[in-house]
Amino acid sequence: MKYRVAVLGAGSWGTALAQVLAENGHDVRIWGHRADQMTEINERHTNKRYLPDHPLPESIIAFTDMVKAVAETDAILVVVPTKAIRSVAQELVEVLQTKPVIIHASKGLEQGTHKRISEILAEEIPPEKRKGIAVLSGPSHAEEVARHDITTITAASTEADAANFVQMLFMNHYFRIYTNPDVIGVEMGAALKNIIAIGAGAIHGLGFGDDAKAAIITRGLAEISRLGVAMGANPLTFIGLSGVGDLIVTCTSVHSRNWRAGNLLGQGQELHEILENMGMVVEGVQTTKAARELAQMMDIEMPITQTIYEVLYEGKDINKAATEIMLREGKPENEFKLTFF
């Protein structure tokens, strides 16, 4: 069945997901603020800034006018940086004429409130203007999805109908979707893995090898799970696609902006220079601050997050930080399992 879907956000991930939807036969509109970018998508069927050398389906129509973009839609997919979620949702609610399923594919925590993205959307878009809210998340790079690499991710919603609808919209021979009712776990895994990816990149930049990489991924997963479970997540979610799956892909790939930022930090570059030159949002930087504050409020131990915070926000020497975290007091490895499993 053919549906009309509006994609709000024309970055690499929004564009790749718009391609999946269009190739599945849906009527796809994509919205963004930059008129030159929308003109390029409509006339040249490319988005060179975010997906260079990659042709887009000609059926995708781009708009700078949100009213036109969301007209008569069955679903709206929000793929903008976390800091823009609330303002985009406020703009959206003013122009909604239908009652669509709201889907988001962003990864982060709101600064100040520490809220997950689905919580922000639920606050700003009242139930009478939506059918449900779903999260699309998991181990995926826009570049690989665009070239039809095999990818599997999760559609999470507290409403089974919404999750099943998202699964049906997106699934095809190269893009497989699983459903999960644990929205908290999926969103926390998606947000917090970006912090660990910065650390994994930094380890590479410092010249450490595979042993160190395995250590930070494994202990990072324990840290993510500890905070997520304390917030009400199902611990099994963190050994799934949106947990360990997303953590592996983000901590090991040059496609990851968070890994690249950490790698440059490890090589001695200043954070402000890295962010200026990246050209895209590095979500893990702001998420580190939000997660560290949340962990302190909830009295949850997150030593990797704390260390990365000190490097990013307090200017701590990265070599000294690596040494100090290794010299922390000895701990039993299985304390988390004994507590939560």
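Hi everyone, let's start with empty space: the largest cavity here has a volume of about 30 Å³. Please keep in mind that this is a predicted model. A search through the whole structure, with a floor of 30 Å³ or more, turns up 1 cavity.

So who sits around that space? The lining is made up of His-104, Ser-106, Lys-107, Gly-108, Arg-116, Ile-117 and Glu-187. If you sort those lining residues by character, you get 1 nonpolar, 3 polar and 3 charged. For anyone new to this kind of search, rolling a probe the size of a water molecule over the atoms shows where empty space is left.

Now, over to the annotated residues. Which residues does the UniProt "binding site" annotation cover? The record, which is an unreviewed entry, lists Gly-9, Ala-10, Gly-11, Ser-12, Trp-13, Gly-14, Ala-142 and Arg-257. And here is how that set maps onto the model: Gly-9, Ala-10, Gly-11, Ser-12, Trp-13, Gly-14, Ala-142 and Arg-257 are found in the lining of the largest pocket.

Let me pick two of these, beginning with Ala-142. You'll find Ala-142 in helix H6, which covers residues 142-146. Is Ala-142 buried or exposed? Its relative accessible area is 6%, and buried means under 20%, so Ala-142 counts as buried. Leaving aside residues up to four places away in sequence, Ala-142 touches Ser-12, Trp-13, Ala-16 and Leu-51. Ser-12 and Trp-13 in that list also belong to the annotated set.

Next up is Arg-257, in helix H11, residues 257-266. Arg-257 comes out as partly exposed, because its relative accessibility is 25% and that class lies between 20% and 50%. What does Arg-257 touch, not counting residues up to four places away in sequence? Its contacts are Ser-12, Met-278, Met-280, Val-281 and Val-282. Notice Ser-12 again: Ala-142 touches Ser-12, and Arg-257 touches Ser-12 too.

One last stop, if you'll bear with me: Thr-307. This residue is part of helix H14, residues 303-313. With a relative accessible area of 16%, Thr-307 is buried, since the cut-off for buried is under 20%. Its contacts, again setting aside residues up to four places away in sequence, are Ala-321 and Ile-325. How far apart are the C-alpha atoms of Thr-307 and Asn-277? They are separated by 24 Å, and the two residues are 30 residues apart along the chain.

That's my tour, thanks for listening!

Technical notes. Residues are numbered from 1 along each chain as its sequence is written. This is a predicted model: local features need pLDDT of at least 70, side-chain atom pairs count only at pLDDT 80 or more; totals for chains, interfaces and linings use all residues. Side-chain values use heavy atoms; hydrogens and water are left out. On a 1 Å grid over the protein atoms alone, a cavity is a set of points where a 1.4 Å probe fits but cannot get out, and a pocket is an open set with protein on both sides within 12 Å along at least five of seven lines; lining residues have an atom within 4 Å of a point. Grid points are joined across faces, edges and corners, and a volume is the space filled by probe spheres set on the points. Ala, Val, Leu, Ile, Met, Phe, Trp, Tyr, Cys and Pro count as nonpolar, Asp, Glu, Lys and Arg as charged, and the others, Gly among them, as polar. Helices (H or I, at least four residues) and strands (E, at least two) are DSSP runs, numbered from the N terminus. Buried means under 20% relative accessible area, exposed over 50%, partly exposed in between (1.4 Å probe, protein chains only). Contact means heavy atoms within 4.5 Å. UniProt positions are given in the numbering used here, feature names are shortened, and annotations may be inferred rather than shown by experiment.
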